[in-house]
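Me: I'm new to reading protein structures and I'd like a close look at just one part of this one. Could you take me through the disulfide and then follow the chain into whatever sits around it?

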Amino acid sequence: MKKVVYLLISVLTVAMFCHNGWTERVVTEGLVSYWTFDWQDVAGDKVIDVWGENNGTIIGNPKAINGQVGEALEFDGLDDYVNLTNLGDFGSQIGASTFEAWIKTGFKEDWMTFFKVIDADCVGWGMDFNASMRPVNRLVFAEDAINFYIKYKIGEHGCGASNSGSSFSIFDGEWHHIVYVQEPYVDKAEREWRVEAIYIDGEQHNLGRSTSTPKPIFIPFTEPVYLGAGNNRGKAEGFFHGIIDEVRIYNRPLTDDEVLQNFEIGLSVEAVQKLPTVWGALKTKL
């Protein structure tokens with residue numbers, strides 16, 4: 001009985017802090033999965049999804065070190081990555097989505113992948129660093145460049161793909177907050193467009209817009225999404241060299257204000273203490 005009382009007191013205490021403090025600052029609407037990489041959320045080779053149901057699996061031997069918030073994983077660029085699963089039905093929602101993380105890397109000797117999945121069946125989504133796409137779908141080295149990739153079905157039998165990219169000076173060995181947002185909309189002519197943007201440390205950079213006719217069809221991934229490498233139809237490639245922390249995936253585009261809120265939380269580690277995450281985990285376990 002005493003254990004139950006203590007648990008209830010703990011829950012109420014966390015709830016009180018969350019209500020009075022930082023809960024309003026944490027964006028949870030549309031949150032699909034959240035991997036903190038903190039020591040309490042890593043069990044052996046398992047990385048706990050503290051919000052959703054997509055626990056990841058560590059491949060290789062990334063090191064647990066101090067991160068931007070709590071602990072993080074350092075990838076050696078040789079064979080380390082995390083299998084994040086196929087994220088359930090998230091692949092059918094990537095037309096409107098957000099990928100968010102903190103990274104730290106100074107590697108600029110070759111291209112590498114931040115996260116990616118490429119299926120055989122017209123499905124793909126990811127981000128490559130120091131890379132740009134050339135004809136015949138070949139990635140080549142391009143220092144300081146970030147390449148964004150998305151693949152989808154068109155009609156019954158067709159496949160479409162979109163590649164966009166730009167140059168950013170983030171490969172400097174310092175922590176940077178990266179947020180990749182996709183937002184679809186329909187114009188007056190009933191054409192569906194997709195706007196892409198990347199936020200670096202809270203600052204928005206538009207990547208342009210694209211459209212397809214007929215309307216693109218997004219379907220769930222059959223292959224798992226890899227973090228710290230690219231899953232190219234079951235083969236890991238483009239291993240990431242650096243540190244990754246606080247990875248979140250949303251099934252909707254975050255607004256400018258929401259991106260800024262999450263960025264500022266990452267800068268206020270001592271004050272935040274991850275209370276919203278603890279509260280979410282407690283609710284899941286009760």
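Reply: Cysteine 122 and cysteine 159 form a disulfide, with 1.5 Å between their sulfur atoms. Keep in mind that this is a predicted model. The cut-off for calling two cysteines a disulfide is sulfur atoms within 2.5 Å, and by that rule the count here comes to one. The link is left-handed, with -45° about the S-S bond. Cysteine 122 sits in the loop between strand S9 (112-118) and strand S10 (124-134), while cysteine 159 belongs to strand S12 (residues 158-167), so the bond ties together parts that are 37 residues apart in sequence. The two ends have their own surroundings: cysteine 122 counts as buried, at 6% relative accessibility, whereas cysteine 159 counts as partly exposed, at 46%.

Now step from that loop into the strands beside it. Phenylalanine 114 is in strand S9 and phenylalanine 129 in strand S10, 15 residues apart. Both of them are buried. Their ring centres are 5.2 Å apart and their planes meet at 25°; planes under 30 degrees apart count as stacked, so this pair is stacked.

Strand S9 has another phenylalanine to look at. Phenylalanine 115 makes a stacked pair with phenylalanine 99, at 3.8 Å centre to centre and 15° between the planes. Phenylalanine 99 lies in strand S8 (residues 97-104) and phenylalanine 115 in strand S9, so this pair ties together parts 16 residues apart in sequence. Phenylalanine 99 is buried at 1% relative accessibility, and phenylalanine 115 is buried at 0%.

Zoom out a bit and these rings turn out to have company. One aromatic cluster includes Phe99, Phe114, Phe115, Trp125 and Phe129, along with others such as Phe75 and Phe240. Over the whole structure, a search finds 17 aromatic pairs.

What about the nonpolar core? The largest one has 44 residues, and Phe99, Phe114, Trp125 and Leu227 touch the most other members. Take phenylalanine 114 as an example: leaving aside neighbours within four places in sequence, its contacts include Phe99, Ala101 and Ile103, then Met127, Asp128 and Phe129, and further along the chain Tyr226, Leu227 and Ile244. Apart from that core lies another, of ten residues, among them Leu31, Val179, Tyr199 and Tyr250.

So, back to your disulfide: one of its cysteines, cysteine 122, sits in the loop between S9 and S10, and those are the strands that hold the stacked rings of phenylalanine 114 and phenylalanine 129.

Key: Residues numbered from 1 in each chain as written. Predicted model: local features only at pLDDT ≥ 70, side-chain atom pairs only at ≥ 80, totals over all residues. Heavy atoms only, no water. Helix = DSSP H or I, 4+ residues; strand = E, 2+ residues; numbered from the N terminus. Buried < 20%, exposed > 50% of the residue type's maximum accessible area, 1.4 Å probe, protein only. Core = buried A, V, L, I, M, F, W, Y, C linked by side-chain atoms within 4.5 Å. Contact = heavy atoms within 4.5 Å. Phe/Tyr/Trp six-rings, centres within 6.5 Å; stacked < 30°, edge-to-face > 60°.
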